[in-house]
Amino acid sequence: MVNSLFNYYLKRFGNSKIASVIRKIPMAGIYIHIPFCKQACYYCNFHFSTLLSYKEKLVAAIAKELFLRKDSLAGETIDTIYFGGGTPSLLSESEFYTIYEAITQHYNIEHLKEFTLEANPDDLSDKFLNWLKHTPVDRLSIGIQSFEDVHLKYMNRAHTAAEAITSVQKAQSIGINRISIDLIYGIPGMEMHTWENNLNKAFSLEIDHLSSYCLTLEPNTVFGKLLKKEKMSMPKEESSSAQFNTLQSMSAANGFLQYEISNFGKAGAFALHNTNYWNNESYLGVGPGAHSFFPGQRMWNISNNQQYMRSIEKNELPLETENLSLADQFNEYVMTGLRTMWGIDLAMIEKRFGIEKSAQIKKDLAKHIASGKLLANENSLLLSKDGKFFADGIASDAFIVNP
Ligand SMILES: C[S@@+](CC[C@H](N)C(=O)[O-])C[C@H]1O[C@@H](n2cnc3c(N)ncnc32)[C@H](O)[C@@H]1O
Ligand code: SF4
């Protein structure tokens, strides 16, 4: 289970001055999962339904879950709110406020620092953006994926490349300054010059944050099924790793710091909510399929909209809990820490897991230090630029097996 949870986090947040400060301060966040999409993208294995008729009813259940779980972050102030999905930009004004008001009623958001909403370009009409301007949302994460119509069609996206560009420009023109976009590389048939064009277009839009993931094929998606029937093939690993390399170089050349393997931000523009995940801070995840984390404990809601609503109606929480052993916590710290630009903090390992673990990890990872994939400082272990492509394999070499 831990592995599937890891995959979830890596995909979800997938991967400066502010961030180095926030690492040290305990934070708490609320994640709301909106499990609806207009149409299914052929690669996507996140939890969503394309049946929108009961959206309002499900939103009411989310508001009730926020009430039922109000004690889980009791005494904490909420630093970040993140509406993700699925497609949160499908929410109507009244649905958005039903959820937001439940948050304000039951949680302390007096010191809120960031409020992100994931949006798809085709939803960002003038009307939607003008409404959004008056909400507390101060950061948009726009799922663009590609600036090439041929690839958007291939992946069954619901928007065009032109809509992708204008959605960013319109959001900027109404004063939303914090904009992140998502791009996918490693798409079959995508050549290097096309990927470079995509990145050039992204940087020309003057966004302050970019999340970029290599296409992964999940068995329960259209692409996964086509692959199984040998009706499609994936690019060679050398091609994806070359695109990842270009992503790193072009981001750096444009003033973006790779603060997590898949996440690049200008100084001061790192996503606080996502950094919270990587620092193992507490967060409450609400809605079908949402995950929560509290010290030593993970929880995940059922990924079925109807069962979720039935359970909430009966005042029952539709969730499962996993208590994390010390070994699980060590492995998670190594996995997430290694993916960030701060790396693994050896003093932290010593404090949380004992002095012998700090010595052990250096031994376990010695071959990666020797090969240059891992850089060892006095107090930390960091992936080198090339090592970042092998993050998961390197982390697993340091894992402790549960006794
Ligand atoms: C699940 S979506 C939610 C946001 C929004 N609905 C959208 O389409 O952009 C979040 C991001 O996950 C990434 N993603 C989802 N499935 C993926 C896959 N199989 N391979 C690579 N990236 C993926 C996409 O970049 C997407 O923007
Ligand atoms: S990528 Fe986004 S829009 Fe596409 S199916 Fe997944 S959640 Fe929905």
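Let me start with a term: a residue is near a molecule if its C-beta atom, placed from the backbone, lies within 6 Å of it. Keep that in mind for the ligands. And note that this is a predicted model.

Ligand 1, then. The shell has 16 residues. The closest are Tyr43, Phe46, Gly143, Asp182 and Tyr213. Which strands feed that shell with at least two residues each? They are β4, residues 139-145, and β5, residues 178-185. By class, the shell around ligand 1 splits into 6 nonpolar, 6 polar and 4 charged residues.

Now ligand 2. Three cysteines sit around ligand 2: Cys37, Cys41 and Cys44. Ala40, Phe46 and Phe48 are there as well. So are Gly85, Gly86, Thr87, Asn120 and Gly143. How many of these residues are charged? The shell around ligand 2 has no charged residues, with 6 nonpolar and 5 polar. Look at Phe46 and Gly143 on your screens. Both are listed among the closest residues to ligand 1, and both are also around ligand 2.

Next, the overall layout. The protein chain divides into domain 1, residues 2-278, and domain 2, residues 326-396. Their centres, taken over C-alpha atoms, are 27 Å apart. Domain 1 puts 13 residues into the contact, and domain 2 puts in 11. On the domain 1 side, the elements giving two or more residues are α1 (2-12), α10 (237-253) and β7 (257-260). Of these, β7 gives the most, with 4 residues. That side of domain 1 is made up of 7 nonpolar, 4 polar and 2 charged residues.

On to a helix. Helix α3 covers residues 55-68, 14 residues in all. From first C-alpha to last, α3 reaches 20 Å, close to the 20 Å expected at 1.5 Å a residue. Which of its residues are buried? In α3 they are Leu58, Val59, Ala61, Ile62, Ala63, Glu65 and Leu66. Glu65 is the one to find on screen. A general point helps in reading that list. An α-helix has 3.6 residues a turn, so residues three or four places apart point the same way. What covers the buried residues of α3? The cover includes β1 (28-34), α4 (93-106), β9 (282-286) and α12 (305-313).

Let's take one residue from α4. Ala102 is in that helix. Why do we call Ala102 buried? Because 21 other C-beta atoms lie within 10 Å of Ala102, and the cut-off for buried is 20 or more. Leaving out residues up to four places away in sequence, Ala102 touches Ala63, Leu66 and Phe67. Lys64 is 38 residues from Ala102 along the chain, yet their C-alpha atoms are separated by 7.8 Å.

Two strand features to finish. First, the hairpin. Strands β10 (291-294) and β11 (297-301) run antiparallel, joined by 4 bridges. Phe294 has Gln297 of β11 as its bridge partner. Between the strands there are 2 residues. Gly296 in the turn has a positive phi of about 80 degrees.

Second, a sheet of 3 strands. The sheet is open, in the order β13-β15-β14, with antiparallel pairing. β13 (344-345) and β14 (374-376) stand at the edges with a single partner strand each, so one side of each has no neighbour in the sheet. β13 pairs with β15, residues 380-383, over 2 bridges. Ile344 has Leu381 in β15 as its bridge partner.

Note on methods. Residues numbered from 1 in each chain as written. Chains lettered and ligands numbered in written order. Predicted model: local features only at pLDDT ≥ 70, side-chain atom pairs only at ≥ 80, totals over all residues. Domains from an automatic or database assignment. Contact = placed C-beta atoms within 7 Å. Nonpolar A, V, L, I, M, F, W, Y, C, P; charged D, E, K, R; others polar. Expected span 1.5 Å × (residues − 1). Buried ≥ 20, exposed ≤ 12 C-beta atoms within 10 Å, placed from the backbone. Pairing = 2+ DSSP bridges.
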